[in-house]
Structure formats: C-alpha cells, structure tokens
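The exercises below are meant to be worked with the sequence and the 3D view open side by side. Each task is followed by a solution that proceeds step by step.

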Amino acid sequence: MSIALAPGFTEPVFDAQRVFRAVMDATARPATVQPLATDLAPPAPLTPELAAVALALADHEAPLWLDAALAAVPAVAAYLRFHTGARIVEAPDEAAFALVAEPDAMPPLGAFAVGTDEYPDRSTTVVMAVRRLAAGQGLACEGPGILGRADIAIAPLPGDFLVQRAANRALFPRGVDCVFVAPGSVAALPRTTQILPEG
Amino acid sequence: MRAAMRDDLPFPRTEVGKETEAYNFAYLDEQTKRMIRRAILKAIAIPGYQVPFASREMPMPYGWGTGGVQVTAAVLGPDDVLKVIDQGSDDTTNAVSIRRFFAKTAGVATTTKTREATLIQTRHRIPEEPLRDGQILVYQVPIPEPLRFLEPRETETRKLHALADYGLMHVKLYEDIARHGHIATTYAYPVEVAGRYVMDPSPTPKFDNPKMDMCAALQLFGAGREKRIYAVPPHTRVRSLDFEDHPFRIQTFKQPCALCGAEGGYLDEVVLDDRGGRMFVCSDTDFCEERRAAGHRGAMAADGDAAGETR
Ligand SMILES: [Zn+2]
C-alpha cells in the first residue's frame, strides 16, 4: 500500500516562524485568542492547526504523542514523521508535545511529563484541537501575562478540566502547559494561569 | 572599553535568491531555531526560570551578546521592525553591528525609535519610554545565574532555585547594608519574578528595575556563553529584593539632562575636556533626541547640535 503524503509548509522558514510567533503570543498572553492561519491539509482527524504547531516545533529532539483518535489513523503518524522527523512515543510522559484531537477523551494532565523541581522545563506541552475558542467569556483566568483578569471560552474540554488544572497549578514550577487550537486560531493556558472558581 | 571596535564583522553574505535567502533567514538554521523557540515557550511558562539551551556559535564574539542575538534570530519575522541599543545608545559599534546583521540576514526593517520597534534587543538598558503591548524586549545577558557569585556550583544553585531557597542572596544584600549602610548593588540588582524565581535582570542599572515590573512588553533574556534563556511575560510582577527597614531605592540624579532638560531619566557622564569639564546627558539617545526635536533644551544645549562636542 502506498500513501500519498500531503505536503508540509509551503514556505517552511516563514510559516514555522509565523506559527511559533502565534503560539508564543498566546503563551505570553494567556486566555487571549491569537490568529493562526495555515494552508496545511493533513490527514484527518489531524487538524490543520494541530499539524501547524507540530511542524513548527517538533523534531528528532522533541517527540510527539498522539491521542487515541489520532493514533487510530496510520496516515497521521506517517505525515507527522515525514514532515517533522519526530519520534511518536507511546507513553504520554515521554512527549515534548502531545497532540489531542478529542480533548474530552484524553488522559488526565497528570499522565504527561511535569518536569522536575530542578528542571521544570522537562515537561509536555499538551496541544488540544477544540471546536470553539472565544475570548471575553467562559473561564475566568489570572496570572502572569494577564493584566487583571481575562476570560476565555474553550469547548470541548475534559469534564473535570478545572480540577485537573488546579492540581497542575499546585505542582508549580512543575506542570504541563496547555495550548488550544481551533480553526484559524490558537490560545494557551500555561501552567502559571489560575482558573478562578465559577460564580 | 570599546577598543575592539570593528566597522564590519565577518557576517556571512547570503546569496540573493529566494531559497538560499530563506534558508539563512536570520542566520540560524531551522533546527536551531526550533530548539530555541521551544526553550522560549518554556521560559515564558515558567517566569524567571533559566531554561538550558544548546547555544550555537555566532559570527561574533561572546561579549557581543550572542545569547540575545540567538533569541532575536529565533523570534524575528519578516514583518518585524528591529531596534538595537547598547547602554541606551543606538549608535555604538555593537548596536550598529547587530542591527546591520539582522538587516542583512533577515532583511527586516530597523529603527532607532522605541515607539516604532516591534522587537528591541538591548544591552544594559531599558528604554525610558514605556513599552507597549505587543513589543518584545530581548536582553543580552552575560551571567544569568543571580546566585553564581555566592555559590559557584551549578548543581547547588539549581537546588536552591528548586527549593526557592534565596537566603544566600538576602544574606549578601544584608552584608552590604552592614558594611555600607545601604545596599551597594547598583547593577544586575536581583529581582523576584511572579513571586517565585529570583532572577538576574542582566547588568542594567537598578534604575531600570521598576520598568520591568508589570511591563506591557514580553521580556526575553538570552545568555550565549552560559546557554540559558529566561523570560518575564507581560503584566508580571517583578520585585527588587529588599528589606522592610531598607526598602529598594533607585538612583536619582541631581541635575536634569544637559542636552534635553529631562528630569527623572538615567544619565551618563560625558567628559567634555581635559580640565575636568563634564556634563550629564540621557543614556537613552532616542529619548533625548525626541525631546530635543520637540523643542526641549538643557543647560548645555547650544542652538543647533551640541551633542557630545568637545573643545
Ligand atoms: Zn536628554
């Protein structure tokens, strides 16, 4: 069986820079929604934005983990391997980046690498494809990068996401950082962001 | 001090032609940029923590800020407008060379105006004009570890950071007080970021420390020789370490800038002649020039341009 691989970035140098910059802006300003345009057409259920983040940041030094939905389609791993050179790891805590197509079915944040007290940077960044990202409503967030308070609506999320995030926050400086991609946009909740209780 | 001035550094000339140019955009190869970009994301997520990275050789000596240059190279895009300052000045050989390096290797627009820049690389100063949302300030850092002079062993300083055990630093500052009656540290004055990590702000005068606190711009720090990247996200608390009975204070200057009359800025002493003549002028050259262009005059400003003239 031969698989025709979908192409990678049209302009690898500039596309990678642009995607990185969008993720950086999102991380530096948690709970804001940053534009992330991409013309990638990867095999489903890998979304163009998930693929863009992976192609911009993963390589042989930064392995990828795929959630069950992505792992079920061999063409997804083939596409990512070809365009990034990254290893695809089975264990979530061995990944530099975890790609998640179905956030409501993913393992708990605690299953990923959280780093050590001396090297808290040796952690997984969990990149989740969501249907909806909207600033100005939803979760109320505080922390570095946020002037006062910022609200963001993200859907879908794991049912007990707030509990998981609170546990993640308590590990600081260890912890995982969350990046969310939706069609044409990206947002982030790094480990420092505190989600305020509702009400 | 600036004896090693050279007009032209041996920067590689990129071939004209899209593919080659793209490959060498901002000098670094793509693999290196990705590695630095990942380190930058971690640095932002863990404010004040020093992320190790595999620093690359750059076509300039370490003293020229290769850490800052690598961070800038990894962040910079074709639409950026770059400003480079060295001790507040856009015109030193170091600033001019780095600006030219990126104009050549990345084709980006450059400026001396703080307001127009999207990315400012700096050595030893923070611009006087408040930075705005969306701007990025990249610091060149020689020694990133604030505890290094107190504890030379990397394994030990790493432990101290892990435990947030900054007692050594407080002891050092308190010894200053015991000896001098005040905290004698005036440069690279240690700060606590977001209530957790103690960080070296690079050898900026402590005068600039308050500008780091709740700064609207993203602050990135690159140390090339020591292979560390760290960051302060926008709108983040940066507190200069102090004591209740000895609160942190910045330097003040007795007179305003001799050229533009600005009060409350950071001034450099300029020797005018060999008979002890001297004046104090803004270290931030763009700030000073803007004020003079707007008609402000200091005591030594002749009509026309008196800047730096000696007789
Ligand atoms: Zn002045």
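**Exercise 1. A strand and its partners**

How many bridges join strand β4 (residues 119–123) of chain B to β5(B), and in which sense do the two strands run? Then describe the other neighbour of β5(B) and how far β5(B) is covered.

Solution. Bear in mind throughout that this is a predicted model.

Step 1. Four bridges link β4(B) and β5(B), and the two strands run parallel; as one example of the register, L119(B) has I136(B) as its bridge partner in β5(B).

Step 2. Strand β8 (residues 218–223) of chain B also pairs with β5(B) in the parallel sense, here over five bridges, and within β8(B) the bridge partner of V138(B) is L220(B).

Step 3. For burial, take the residues of β5(B), which spans residues 136–140 of chain B: five of its five residues are buried. On one side these are I136(B), V138(B) and Q140(B), on the other L137(B) and Y139(B), and both faces of the strand are therefore covered, given that buried means under 20% relative accessible area.

**Exercise 2. The zinc site**

Identify the residues that coordinate the zinc ion, and work out the geometry of the site.

Solution. Step 1. The donors are the SG atoms of C257(B), C260(B), C282(B) and C288(B), at 2.2 to 2.3 Å from the zinc ion, and along the chain they follow the spacing C-x2-C-x21-C-x5-C.

Step 2. Two of these donors show how the site links distant parts of the chain: C260(B) lies in the loop between β10 (238–240) and β11 (267–271) of chain B, whereas C288(B) belongs to helix α8 (residues 285–293) of chain B, 28 residues apart. Both C260(B) and C288(B) are buried.

Step 3. The angles among the four donor atoms are 106 to 118°, and the site is tetrahedral. For comparison, the ideal angle for four tetrahedral donors is 109.5 degrees.

**Exercise 3. Checking a helix**

Test whether the length of helix α4 (residues 93–105) of chain B agrees with its number of residues, and find what the helix packs against.

Solution. Step 1. At 1.5 Å a residue, the 13 residues of α4(B) should span 18 Å, and because the end C-alpha atoms are 18 Å apart, the two values agree.

Step 2. The buried residues of α4(B) include T93(B), N94(B), I98(B), F101(B), F102(B) and T105(B). The elements that the buried residues of this helix pack against are α3 (66–75), β2 (81–86), β3 (109–110), β4 and β5 of chain B, which ties the helix back to the strands of Exercise 1.

Step 3. Just after α4(B), G107(B) takes a positive phi of about 65°.

**Exercise 4. Aromatic pairs**

Classify an aromatic pair that joins the two chains, and then one that lies within chain B.

Solution. Step 1. Over all chains there are 13 aromatic pairs. In one of them, the rings of F14(A) and F25(B) have centres 5.0 Å apart and planes at 70°, so the pair is edge-to-face.

Step 2. F14(A) lies in helix α1 (residues 12–28) of chain A, and F25(B) in the loop between α1 (18–23) and α2 (30–45) of chain B, so the pair joins two chains. F14(A) is partly exposed, with a relative accessible area of 22%, whereas F25(B) is buried, at 4%.

Step 3. Y49(B) and Y197(B) form a tilted pair, 5.6 Å centre to centre with 55° between the planes. Y49(B) lies in the loop between α2 and β1 (51–52) of chain B and Y197(B) in strand β7 (residues 197–199) of chain B, 148 residues apart; both tyrosines are buried.

Step 4. Y27(B), F101(B) and F102(B) form one aromatic cluster, and F101(B) and F102(B) are among the buried residues of α4(B).

**Exercise 5. The sheet of chain A**

Give the strand order of the seven-stranded open sheet of chain A, and explain which strands stand at its edges.

Solution. Step 1. The order is β1-β9-β8-β5-β4-β2-β3, with mixed pairing.

Step 2. β1 (34–35) and β3 (88–89) of chain A each have a single partner strand, so one side of each is left without a neighbour in the sheet, and these two stand at the edges.

Step 3. Strand β5 (residues 125–129) of chain A pairs with strand β8 (residues 177–182) of chain A in the parallel sense over five bridges, and V126(A) has C178(A) as its bridge partner in β8(A).

Terms used. Residues are numbered from 1 along each chain as its sequence is written. Chains are lettered from A and ligands numbered from 1 in the order in which they are written. This is a predicted model: local features need pLDDT of at least 70, side-chain atom pairs count only at pLDDT 80 or more; totals for chains, interfaces and linings use all residues. Side-chain values use heavy atoms; hydrogens and water are left out. Donors are N, O and S atoms within 2.8 Å of the metal (3.2 Å for Na, K and Ca); water is not among the atoms, so sites may look incomplete. Four donors count as tetrahedral if all angles lie between 85 and 135 degrees; four count as square planar and six as octahedral if opposite donors are over 155 degrees apart and all others between 65 and 115; anything else is irregular. Buried means under 20% relative accessible area, exposed over 50%, partly exposed in between (1.4 Å probe, protein chains only). Two strands pair if DSSP finds at least two bridges between them. The expected span of a helix is 1.5 Å times one less than its number of residues. Contact means heavy atoms within 4.5 Å. Rings of Phe, Tyr and Trp (its six-membered ring) pair if their centres lie within 6.5 Å; planes under 30 degrees apart count as stacked, over 60 as edge-to-face and the rest as tilted.
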